[in-house]
Structures are given as structure tokens and as C-alpha cells.
Amino acid sequence: SLYGTLYFNTAYALLQLGLGFWHHTFWYYTLAGYYICLAIMRFFLARYTGSHKPGENQKEELLRYRNCGIVLLLMNLTLSVMVFFMIYWGRTFRHHQITTIALAAYTFTAFTLAIINLIKYRKLKSPVYAAAKVVSLASACVSMLTLEAAMLTAFGAETMDTLTRNLFLGLTGFAVCAFIILMAVGMIYNGNDLLRRIKNGKV
């Protein structure tokens, strides 16, 4: 399951990178970089699970869990800047309608897999699998934001003015960034708290 989402994530990152080369714009390069970073985190999490049982080494898993939270928090700064300039400059992701439909299929698939994994991984009580769940949710949320931007550009240009479009993008962008920040801070706090309890022999 982890490797499946890793391949799925990597393919989407390469698609964004290809669109960056095609359109010669840093917007797609930035998005590709974001998904590549998510794919790298997924790779190290999946690699760890290949040689360890879930919950086998709580301390090591918690370190990886906390580190994923730190990386997500730093990556979210880039996402926040991208959302700001998307609204400030009025720049969005422009796709052909067929490409937009393909992105919609990816986004809804990513959300479906994230929900399935949310239910599936909870019973394992493993920080590594919990981190993988959070990465999947973050990826799905960013996909929803870019899909909204693409759909508003492709289908809403004739029915919606720029101010209204920016309002929708701003609200969604704020919600996505805030949600990812809350997840990242929660991972860092919970990871540090459980590591401290293990060190003190309370777990």
C-alpha cells in the first residue's frame, strides 16, 4: 500500500515537472518540487516498513514521525508563499480541459486512498504508518487546491470575475495551509512528548 501511493505520488510529480518544461513556468516547478519532497518522505517511510514490523521500535518510529512533521512544516512555508503570489499576481494553473479532468481523477483517487489508509493504519499503532497517513492527507489537500485553481481557470473564466476567483482560492489556500500546519505541529508535539515519556520510562 505504501509503495503504491509512492509510485502514484512520483508519477504525479513527474507530470507536474513535465508541465513545467512544457509551459516554462516556475509554478509547475514549485508544485513538482513539493510532490517530489512528499515522495522522498514516503520512500523512506516505506523503506523502513520493509525491514521492520509495525511498532517494533517505537523510539525509532517516533523519530521518523517527528522528522516528517518538521519537513511538512518547512514545506508548508513554500506552499503558503505560492498561494500568496497566486492570489497577489492573479496567476493560476492553466490546463487543457482534458488535463483538468485527469487532475480531478487523480485528486479524488488520492483522497479516497488517504481515507482508506486513515482507517487501515490506525489499528497498527505505528508512528511510521501514522506519518504515512499524514503525508497522504497533505498530498490530497494540495491536489485539491491546485485542482480548484485549474477548474476555476478552465471552466469559470466566463462566469466568475477575478475578485471572486481570488476569494475562493484564498479561502481554500488558507484552509489547506492551516490544516497542514496543524497536522505538522501535532506530529512534532506528540513525537517529542512520547519520546520524552520513553526516555523517562513512562511508556
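How many cavities of 30 Å³ or more does the structure hold? The answer is 1. Before going further, note that this is a predicted model, where local features need pLDDT of at least 70, side-chain atom pairs count only at pLDDT 80 or more, and totals for chains, interfaces and linings use all residues. Residues are numbered from 1 along each chain as its sequence is written, and side-chain values use heavy atoms, with hydrogens and water left out.

**The cavity and the pocket**

Rolling a probe the size of a water molecule over the atoms shows where empty space is left. Here a cavity is a set of points, on a 1 Å grid over the protein atoms alone, where a 1.4 Å probe fits but cannot get out. A pocket is instead an open set with protein on both sides within 12 Å along at least five of seven lines, and a lining residue has an atom within 4 Å of a point. Grid points are joined across faces, edges and corners, and the volume is the space filled by probe spheres set on the points.

| Space | Volume | Nonpolar lining | Polar lining | Charged lining |
|---|---|---|---|---|
| Largest cavity | about 80 Å³ | 5 residues | 5 residues | 1 residue |
| Largest pocket | about 280 Å³ | 7 residues | 3 residues | 3 residues |

In those classes, Ala, Val, Leu, Ile, Met, Phe, Trp, Tyr, Cys and Pro are nonpolar, Asp, Glu, Lys and Arg are charged, and the others, Gly among them, are polar.

Who lines the largest cavity? T5, F8, N9, R42, Y106, A110, L113, A114, N117, S136 and S139 do. Helices α1 (2–23), α4 and α5 each chip in at least two residues, and α4 has the largest share with 5. (Helices are DSSP runs of H or I, at least four residues, numbered from the N terminus.)

The largest pocket has 13 lining residues, with Y65, K125, S126, P127 and A130 nearest its centre. At least two residues each come from α3, α4 (97–122), α5 (127–155) and α6 (162–199), and α5 gives the most, with 4.

**A few residues up close**

N117, one of the cavity-lining residues, sits in helix α4. Its relative accessibility is 3%, so N117 counts as buried (under 20% relative accessible area; exposed is over 50%, partly exposed in between, with a 1.4 Å probe and protein chains only). From N117 to T30 is 87 residues in sequence and 27 Å in space, C-alpha to C-alpha.

L147, in helix α5, is buried too, because its relative accessibility is 3%. Leaving out residues up to four places away in sequence, L147 touches T100, L103, A104 and T107, where contact means heavy atoms within 4.5 Å.

G33 belongs to helix α2 and, at 27% relative accessibility, counts as partly exposed. Its C-alpha lies 9.4 Å from that of L14, 19 residues apart in sequence.

**How α2 meets α3**

Two packed helices are described by the angle between their axes and the distance between the axes. For α2 (residues 26–49) and α3 (residues 58–88), the axes come within 11 Å and cross at roughly 170 degrees. So α2 is roughly antiparallel to α3, a label for angles over 145 degrees. Axes are lines fitted to C-alpha atoms over the stretch in contact, with angles from 0 to 180 degrees between N-to-C directions. The α2 side of the contact includes W27, T30 and Y34, while the α3 side includes E60, R64 and M75. By class, the contact residues are 17 nonpolar, 2 polar and 3 charged.

Technical notes: Angles under 35 degrees count as roughly parallel, over 145 as roughly antiparallel, 65 to 115 as roughly perpendicular and the rest as oblique.
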